[in-house]
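Ready for some practice in reading a protein structure? Work through each exercise with the model open beside you, then compare your steps with the solution.

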Amino acid sequence: MLGDAVDLRRVLANLVDNALRHAASAVRIGVHAEGDTAELTVTDDGPGIPPEDRERVFDRFTRLDDARSRDDGGAGLGLAIVRTTVEAHGGTVHLEDASPGLRAVVRLPLAR
């Protein structure tokens, strides 16, 4: 795949940091290619995110738990940075249920 290595590392770091913060006991990372697309998944076994909030968390400064401090829960920029970066590389990102937990799915085009 072609892309900015620093930006793509930041995507992975943000997704893994979020998963570690919310996991009950495990975080799994997967990568595979299918056709002309690479798929990265980061899955945790934490409480997940309600379906109605899964798109909203990609908005800047969105934090679902307003009671958390910025030091504990982040500034609400990580997933916004992930989406902006992935889209700039021609890809997509979404969140899905992992039963238990949450899975972040990033799809990026492979170089031709």
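**Exercise 1.** In which strand is Val31 found, and is Val31 buried or exposed?

*Solution.*
Step 1. In this predicted model, Val31 belongs to strand β1, which covers residues 27-34.
Step 2. The relative accessibility of Val31 is 65%. Exposed means over 50%, so Val31 counts as exposed.
Step 3. Now look at the surface around this residue. Leu12, Ile29 and Val31 make a nonpolar surface patch of about 280 Å².

**Exercise 2.** Find how many helices and strands the protein chain has, and give their order.

*Solution.*
Step 1. Count each kind of element: the protein chain holds three helices and four strands.
Step 2. Start at the N terminus and follow the chain; the elements run α-β-β-α-α-β-β.
Step 3. To add a view of the inside, note that 37% of the 112 residues count as buried.

**Exercise 3.** Describe the second largest pocket: what is its volume, and which residues line the pocket?

*Solution.*
Step 1. Begin with the idea behind the search. Rolling a probe the size of a water molecule over the atoms shows where empty space is left.
Step 2. For the second largest pocket, the volume is about 210 Å³.
Step 3. List the lining: Met1, Leu8, Val11, Leu12, Val31, Ala38, Glu39, Leu40, Val106 and Leu108. You have already met Val31 and Leu12 in the nonpolar surface patch.
Step 4. Sort the lining residues by type. Nine are nonpolar, none is polar and one is charged.
Step 5. Ask which elements contribute. At least two lining residues come from each of α1 (5-22), β2 (37-44) and β4.

**Exercise 4.** Take Val106 from that lining: where is Val106 placed, and is this residue buried or exposed?

*Solution.*
Step 1. Val106 sits in strand β4.
Step 2. Its relative accessible area is 2%. The limit for buried is under 20%, so Val106 is buried.
Step 3. Compare sequence and space for one pair. Val106 and His94 are twelve residues apart along the chain, and 6.8 Å separates their C-alpha atoms.

**Exercise 5.** How many salt bridges are there, and how far apart in sequence are the partners in the pairs Arg10 and Asp7, Glu39 and Arg107, and Glu55 and Arg83?

*Solution.*
Step 1. Recall the principle: side chains of opposite charge can pair when their charged atoms come close. The count comes to seven salt bridges.
Step 2. Start within one helix. Arg10 and Asp7 form a salt bridge with an N to O distance of 3.2 Å. These two residues are three apart in helix α1, which means that about one helical turn separates them. Both Arg10, at 38% relative accessibility, and Asp7, at 24%, count as partly exposed.
Step 3. Move on to two strands. In the salt bridge between Glu39 and Arg107, the closest N and O atoms are 2.9 Å apart. Because Glu39 lies in strand β2 and Arg107 in strand β4, the pair ties together parts that are 68 residues apart in sequence. Glu39 counts as buried at 15% relative accessibility, whereas Arg107 is partly exposed at 35%.
Step 4. Turn to a loop and a helix. Glu55 and Arg83 form a salt bridge whose closest N and O atoms are 2.3 Å apart. Glu55 is in the loop between β2 and α2 (70-73) and Arg83 is in helix α3 (residues 78-88), so this pair links parts that are 28 residues apart in sequence. Glu55 is partly exposed at 48% relative accessibility, and Arg83 is buried at 15%.
Step 5. Look for shared partners. Glu55, Arg83 and Glu87 are joined into one network by salt bridges that share partners.

**Exercise 6.** Examine the backbone at Ser99 and Pro100: which peptide bond is cis, and what is phi of Ser99?

*Solution.*
Step 1. Locate the residues. Ser99 and Pro100 are in the loop between β3 (92-97) and β4 (102-109).
Step 2. Check omega. The peptide bond from Ser99 to Pro100 has omega near 0°, and this bond is cis.
Step 3. Check phi. Ser99 has phi near 45°, a positive value in a residue other than glycine.
Step 4. Finish with the surroundings: Ser99 has a relative accessible area of 55% and is exposed.

How values were computed:
Residues are numbered from 1 along each chain as its sequence is written. This is a predicted model: local features need pLDDT of at least 70, side-chain atom pairs count only at pLDDT 80 or more; totals for chains, interfaces and linings use all residues. Side-chain values use heavy atoms; hydrogens and water are left out. Buried means under 20% relative accessible area, exposed over 50%, partly exposed in between (1.4 Å probe, protein chains only). On a 1 Å grid over the protein atoms alone, a cavity is a set of points where a 1.4 Å probe fits but cannot get out, and a pocket is an open set with protein on both sides within 12 Å along at least five of seven lines; lining residues have an atom within 4 Å of a point. Grid points are joined across faces, edges and corners, and a volume is the space filled by probe spheres set on the points. Ala, Val, Leu, Ile, Met, Phe, Trp, Tyr, Cys and Pro count as nonpolar, Asp, Glu, Lys and Arg as charged, and the others, Gly among them, as polar. Patches are made of residues with over 30% relative accessible area and no salt bridge: like charges are joined within 9 Å, nonpolar side chains (Val, Leu, Ile, Met, Phe, Trp, Tyr) within 5 Å. Accessible areas come from the Shrake-Rupley method with a 1.4 Å probe; for residues, only the protein chains shown count as cover. A salt bridge is a side-chain nitrogen of Lys or Arg within 4 Å of a carboxyl oxygen of Asp or Glu.
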